[in-house]
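I opened my notebook to look up how this protein is built. I wanted the whole first and the details after.

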Amino acid sequence: MKRDETTGGRGQGRSPGSSQRPIPRPVVPPGPLGTLKRLIYEAYVAAGTPTLSAIADATDRWAPKARPSKDMINQIIGDPTELGKQADVVALVTALTQMTGGEGEQAGLRAAALWTEVKLTEPLGRPIADVDPYDLEVHHAITMQGADGLPDYVERAHDRELRRLVDEAAAGESRLVMLVGTSSTGKTRACYEAVQHLPEGWRLWHPINPERAQAALADLERVGPKTVVWLNEAHRYLLDAQHGEAITAGLRTLLADTSRAPVLVLGTIWPGAGFFDDLRKHPQAGTLVADRSLHVPAAFEPSVVDRLRQSTDPRLVAAAHSAPANMITQYLAAAFELKDVYETATPGARALLDAAIDARRLGHPVNLPLPFLETAAEGYLTEPEWQLLPGNWLEQALSQLTESVRGVPGPLHRPKRPRGSTEAPIGSAYQLADFLEDHGRATRHLARVPAEFWQAAERHCGNDAARNLAQEALKRGLMKTACCLWASGSQYRDAVLILERAGRRDEAMAWCEREAAVGNAEALTAKGGTLARAGRVDEAIDCYKRAVDAGDTGAIEWIATRLSDTGHLDEALEWYERAADAGDVHALVEAAHCLNGTHHRRGLPPRVTDRLDEALAWYERAAAAGHTDAFLYAAADLWGAGRTEEALDWCERAASAGATDMLGWGASQLAWAGRLDEASAWCTRAADKGDTENLREAADAFAHRGRAEDAVTWYERAADNGDIEAQDGLTERLTDAVGGLDGALAWCERKASAGGTYALRVGAIQLTHADRLDKALEWAERAAASGETFALWYMAGQLVDTDRLDEALGCYERAANAGDTRALLRAAEELARHGRLEDALAWCKRVPEAGDAAVLTTRAGVLWQMGRVEEALACYGRAGEAGDIEALEWAAARLENAGRLDDALAWYERAAAAGKVLALTTAADELAKAGRRQEALAWYERATTAGVNARAYEVDTLRLLGRREEADRLARYGRDIRGHIANPWNIEAVREAWIPQHVYGHSEVDPT
């Protein structure tokens, strides 16, 4: 048989005069495969992108034993996933390197080593079919009448939406979904059931060991296609003080990286402060989860509960009959039984649980060391309870609390390693049932944390536990405790900053020197910061250098930054180089900013330099190390310098590296620069990658340049991807682009027929602007029938603004008829605003109340304006019970404005008890304004006790009361652990007396 017939059709190849397009560069995620593919492609380019036939001939000459086919050569060079046989890869690299006159044998050995590394590198996670739901932290369910394991799953509305997004991921689109709900509502189970629908080949990665945020950051860059990233308790990743920013940035890069698509990121989180509320407010994390959250309700719909009564699973039948308020999942997770255990526990057991609850709500990591719990628990016992406690109370309490409850782990339970793992079991640490954690947050948020808790924290907590508890201690005015805990967690900078703000700078610096003398290098870094803030820059730099010599590599970039800020740029670059060598990729970008005078990006005034080319070399290194923002910085600097072609080249490179949003950035820059035809081509590529935000920016530029038709094209592409602002842009530009209103309506008809129902809203608004209200109503009703009631709301608003309230009410009526009952409330608000209170109340009553807080709050406002004060207050109270805490504050504010301050205080009290702790400071402010300063002080003290950090208000109030000595002590020394204004203390003396008792460095339990 001829060789051609055995090698995949390699044959004679093409004639010398024929042409072959170069093989496109494969886009491969970072990792061993990416390194190997880069080596192969660079060898191919260096050889002049030879034809497949030429490469085949070269392999015959320099590696005749392998003889890869032309088809295999093509795949090895250009396919992002094809690895090929080791012999074929070695032959190919050897031949390509020899074609350039290089050392082919050495290159072949390098390729062989990389090929082996790729083979040995196990992909992240496990096949979904092999994943145990309990390893993913799905709650165990109760056992009953022989039924155990997970009950049959019951789909709800959020499951259907989640399934749709999972299907999109299976079809090739990267997606992120954050499920938001209180404890035991079924968030994690919903995610587990959803991923069961993914096709074979998908894997699931659950970063959890040795610590969640650390594990996620360590391997996030290794996430490849068809991977589910499992972020149960997402706040522990995205809001992590040390790694949260980097994890969030990594996830945004991952979702935008087409070379790693598709991936599916699933997260769960509780609502409220400290959890989803903080996530939404966070600059980076808020952007990540915007429009990507699903609410998981606490209760099941009555119709679903009715069906469960017919289930073959006795647990579901029992839940349908017995679960309070249709809270089925909580019943199945034994949540109510756990609550009963908590409320009926013996004094010792209850004290352990209260200590665990406070530890978790104040930020202690999930594993709670037993020595810490035992010591802290003493503070939760009354004196008689303590005196009557038996000598073996701890053993008795643990026996009660660790016993399983109807087949689920008890209130306190020992953490287990995941099945099949080889991790060592955690020492004497316990975990709190998360339902009790959630319950405790709701019931203990105003409670004073006992002194014994803080003493236990000082003795037994270090690392993240100490750092988190230090923040909470400071919020409660416990400066001394906070400083000691920060020192335990090697967070000297925060401790020193607090002392400095209290006017104790010299004391802080002396303490840092003493700590450094016993080996705490971070203390020198903290002292350097103090010196720098005092303007003593040279001394600060010397201090930072001592810190580096003592082992604190984190001080390296501080040195570089200080040198750069004071104009010592070349010396700063040497230190940025050292920081990069120590693994700080961000230092490469900072160095580039300084070279190009763009260090104003961190808040400093710009400085003119002419070292852009040097800056580009640093950006180059940062990009190669995985810092994708380096592409944007480089492109922006080049564009600003008028080197537009080079800027566009960086955009291209960014897109090849997975930062596809740079295509849209390039498109918008070209459009604003007037290079509109080029901008259109870039827009097309950006649109194909789903970059709607930059598309909208480019569309704005087209509109500004008078190219309304092009603007509409790109607004449309963005609008089709759900970009609301782009849909608004269409509304503004459409008429100009298509030659008047009739053309706009024709466009809207075509778009709506093709499935773009938002076009009906656009058409309705266009007609409203043209004052063709009858026709606009027709279009708005068509939009409403498709679920788009906004057009009716918009028309109503326009009519109200032109004093046509009755016509506006007709629009609200139509919106309500289309299923949008909120329109009835808006109508009531407009009627009340126009003084038609009886009509407003009638519209309120048309909305089914059913515990709806918004209905109750609106009705209360109308009743108040009608003078029916007691009825209004009753509505505000019911709204608060339905979850609208602000309704309680509304009631308080209305009473205060009516001169009924004492009545208002009772409502502020209710708001605080319901979870709005800031209501305590609001009440205090009102008392202070009324001249009742002594009472105001008491409310401020209560707020501080609850963790609001109202110490500055306390200090001011004490001074106004003439109690200056107490005010000065509170400002300089805070409070002691029993809540009293502290007597003077010195941090050095405190640490000297305290350190010998401290066991955080050598305790039997890792407190994190």
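My entries below go from the overall build to one sheet and one helix.

**Entry 1: the whole protein.** I note that the model is predicted. I counted the secondary structure and found 55 helices and nine strands. Is the protein as compact as a globular one, or less so, and why? I looked up the radius of gyration, which is 33 Å. The globule rule gives 30 Å for 1008 residues, and 33 Å is close to that, so the protein is as compact as a globular protein of that length. Along the principal axes, the C-alpha atoms fill a box of roughly 95 × 85 × 70 Å.

**Entry 2: inside and outside.** I checked burial next: 51% of the 1008 residues count as buried. The accessible surface comes to about 44,500 Å². Carbon and sulfur atoms hold 48% of that surface. I also looked at contacts with a separation of 6 or more, and 62% of them join residues 24 or more positions apart.

**Entry 3: the sheet.** I recalled that strands of a sheet pair through backbone hydrogen bonds, either parallel or antiparallel. Here I found six strands in an open sheet, with mixed pairing. I wrote down the order as 1-3-4-5-2-6. Which strands sit at the edges? They are strand 1 (126-127) and strand 6 (293-295), and each pairs on one side only.

I then followed strand 6 to its partner. Strand 2 (residues 175-180) pairs with strand 6 in the parallel sense, over three bridges. Met178 has Ser293 in strand 6 as its bridge partner.

**Entry 4: a helix across the sheet.** I traced helix 7 (residues 187-195) and saw that it lies across strand 2, strand 3 (203-205), strand 4 (227-231) and strand 5 (263-269). Helix 7 runs at about 165° to strand 5.

How values were computed:
Residues are numbered from 1 along each chain as its sequence is written. This is a predicted model: local features need pLDDT of at least 70, side-chain atom pairs count only at pLDDT 80 or more; totals for chains, interfaces and linings use all residues. Side-chain values use heavy atoms; hydrogens and water are left out. Two strands pair if DSSP finds at least two bridges between them. Helices (H or I, at least four residues) and strands (E, at least two) are DSSP runs, numbered from the N terminus. Contact means heavy atoms within 4.5 Å. Axes are lines fitted to C-alpha atoms, for helices over the stretch in contact, and angles run from 0 to 180 degrees between N-to-C directions. The radius of gyration is taken over C-alpha atoms; the globule rule is 2.2 Å times the number of residues to the power 0.38. Buried means under 20% relative accessible area, exposed over 50%, partly exposed in between (1.4 Å probe, protein chains only). Accessible areas come from the Shrake-Rupley method with a 1.4 Å probe; for residues, only the protein chains shown count as cover.
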